[in-house]
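The following paragraphs offer a guided reading of one protein model. The reader is invited to keep the structure in view while following them.

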Amino acid sequence: MLHTLAIANYRSVRRAHLRLEQLNLITGANGSGKSNLYRALRFLTEVARGRATLALAREGGLPSVLWAGPETVSRGIKQGRIPIQGGPRRNEVALRLGFASDTFGYAIDFGLPAPVPGTMFTQDPEIKRESLWHGDKWHPRRALVDRIGPVVRGRDEDGHWQVLKQHLPAYDSMLTEVADPVRAPEVLMARDTLRAWRFYDHFRCDADAPARAPHVGVRTPVLSNDGHDLAAAWRTVMEIGDAQGLADAVDDAFPGATVHVHAADGRFELLFEQPGLLRPLRQSEWSDGTLRYLLLVTALKTPRPPPLMVFNEPEMSLHPDLLPALGRLMCRYAEDHPLWVVSHARELTEALLADERTHDIRLEKTFSETCVVGQTPLSEAPWAWPARGK
């Protein structure tokens, strides 16, 4: 289970060492930085897929992603006695992301490239340091695989360092280039774990949404991000997963209603039956809220749960009356599997907080910096960043 998320200099997050639990609820006002925590998690998966540079480019490049405020916020600034202003930079330009789980910890450090005559790629981010270690907090003695610049080292069976790669390009992560099941099995495990994190942040519900059209039915244990395979995923849960849980989730939100899969010429479609209707409604006829709710139910009832499931503002298009049922479903999912929910809908957050296991991470902006309400240095997760060149 993921139990620590660490971020430094990413957008509005200048510094964050977050403790995580099985069920994490991220709340806060608009603009408080909820989406930035979500983006940081997604960015880690892009690193594991070898798309870190492209992901940063989509966000405007490293300079656009870096924390834009001063390196430090003095007491005078906090008290309003002096204006917010920068000064001579004391530390290197660094975007750092990391996490710790039950099995390992990982950190990556991006910086600006050294000047190279003749090149126009002066803003390409370079990976200055990467490390994979055992335990909660990084320490040189706990390191399993370590990358400094282009050199990657790993420990052999006797605990001695051996060079795994000497000339790793500055834009490639060791997670994609050194994932060797024999020489570096820890890297392979970390890469596959990150790639398996599952994110749902935007199900289209408009008239032309992929989820409204019939689709060729193949076994689908994992619902796609756009929901085009909704009917096939629903049927897969019915055959190899928690079919009763599906029925209960529908009845909880729509008492007396049932959902069936209709197959014609190999194409699957869901039919929604509700008391008072003379015929079932096809997916193309559903309201936006009904479609979104059933997409979320299908995602949560997957027969192949990921190491981490993340929902970003799942309440969109849902009537407030549906949110308590969604919250109860999420709590049941989190009984056995890690879950991360970003939301600002009162009805959903209240339903989640009714479960005493829910870890409430409330964010606020202080001098444009995202902070966790009530968090102190003593309540932070233990964390240390690997230093560059050491």
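Two strands count as paired if DSSP finds at least two bridges between them. With this in mind, the account can begin with a sheet; the model under discussion is a predicted one. Six strands make up an open sheet with mixed pairing, and their order is β10-β15-β16-β3-β17-β18. The edges are held by β10 (198–200) and β18 (369–372), each of which has a single partner strand, so that one side of each is left without a neighbour in the sheet. On average, and with direction ignored, neighbouring strands of this sheet are turned by 20° against each other.

Within the sheet, β15 (residues 309–312) and β16 (residues 339–342) run parallel and are joined by 4 bridges. One of the bridge partners can be named: Asn312 is matched with Val342 in β16.

Helices lie across several of these strands. Helix α9 (residues 288–300) lies across β10 and β15, and its direction makes an angle of about 165° with β15. Helix α11 (residues 346–353) lies across β3 (23–28), β16 and β17 (358–366), running at about 145° to β3.

From α9 the path leads on to another helix. The axes of α9 and α10 are 10 Å apart, and the two helices pack at an angle of about 10°. Angles under 35 degrees count as roughly parallel, and α9 and α10 are therefore roughly parallel to each other. On the α9 side the meeting residues are Tyr293, Leu296, Val297 and Leu300, while α10 contributes Ala325, Leu326, Leu329, Met330 and Tyr333. By class, this contact of α9 with α10 has 9 nonpolar residues, with no polar and no charged ones.

Helix α10 (residues 323–334) also meets helix α8 (residues 243–253): their axes come within 9 Å and cross at roughly 155°. Since angles over 145 degrees count as roughly antiparallel, α8 and α10 are therefore described as roughly antiparallel to each other. Ala249, Asp252 and Ala253 of α8 make this contact with Ala325, Arg328, Leu329 and Arg332 of α10. The residues of the contact of α8 with α10 divide into 4 nonpolar and 3 charged, with no polar ones.

Another part of the chain is built from hairpins. Strands β7 (143–148) and β8 (residues 151–155) pair in the antiparallel sense over 4 bridges, with Ile148 having Val151 as its bridge partner in β8. Between these two strands of the hairpin lie 2 residues, and Gly149 in the turn has a positive phi of about 60°. Strand β8 also runs antiparallel to β9 (residues 161–165), again through 4 bridges, and Gly154 stands opposite Gln162 in β9. This hairpin of β8 and β9 has 5 residues between its strands, with Gly159 in the turn showing a positive phi of about 85°. The covered face of β8 carries Val152 and Gly154, whereas Val151, Arg153 and Arg155 are on the uncovered one.

Just ahead of β7, Arg142 sits in the loop between β6 (126–133) and β7. At 37% relative accessibility, Arg142 counts as partly exposed. Leaving aside neighbours within four places in sequence, Arg142 is in contact with Trp133, His134, Asp136 and Lys137.

A last residue to consider is Glu269, in strand β13 (residues 267–273). Is Glu269 buried or exposed? Its relative accessible area is 4%, so Glu269 is buried. The side chains of Glu269 and Arg282 are joined by a polar contact of 3.0 Å. Beyond neighbours within four places in sequence, the contacts of Glu269 include Pro214, Ala231, His260 and Gln283.

Terms used. Residues are numbered from 1 along each chain as its sequence is written. This is a predicted model: local features need pLDDT of at least 70, side-chain atom pairs count only at pLDDT 80 or more; totals for chains, interfaces and linings use all residues. Side-chain values use heavy atoms; hydrogens and water are left out. Axes are lines fitted to C-alpha atoms, for helices over the stretch in contact, and angles run from 0 to 180 degrees between N-to-C directions. Angles under 35 degrees count as roughly parallel, over 145 as roughly antiparallel, 65 to 115 as roughly perpendicular and the rest as oblique. Contact means heavy atoms within 4.5 Å. Ala, Val, Leu, Ile, Met, Phe, Trp, Tyr, Cys and Pro count as nonpolar, Asp, Glu, Lys and Arg as charged, and the others, Gly among them, as polar. Buried means under 20% relative accessible area, exposed over 50%, partly exposed in between (1.4 Å probe, protein chains only). A polar contact is a pair of N or O atoms within 3.5 Å; within protein, one must be able to donate a hydrogen and the other to accept it, and residues adjacent in sequence count only if both atoms are side-chain atoms.
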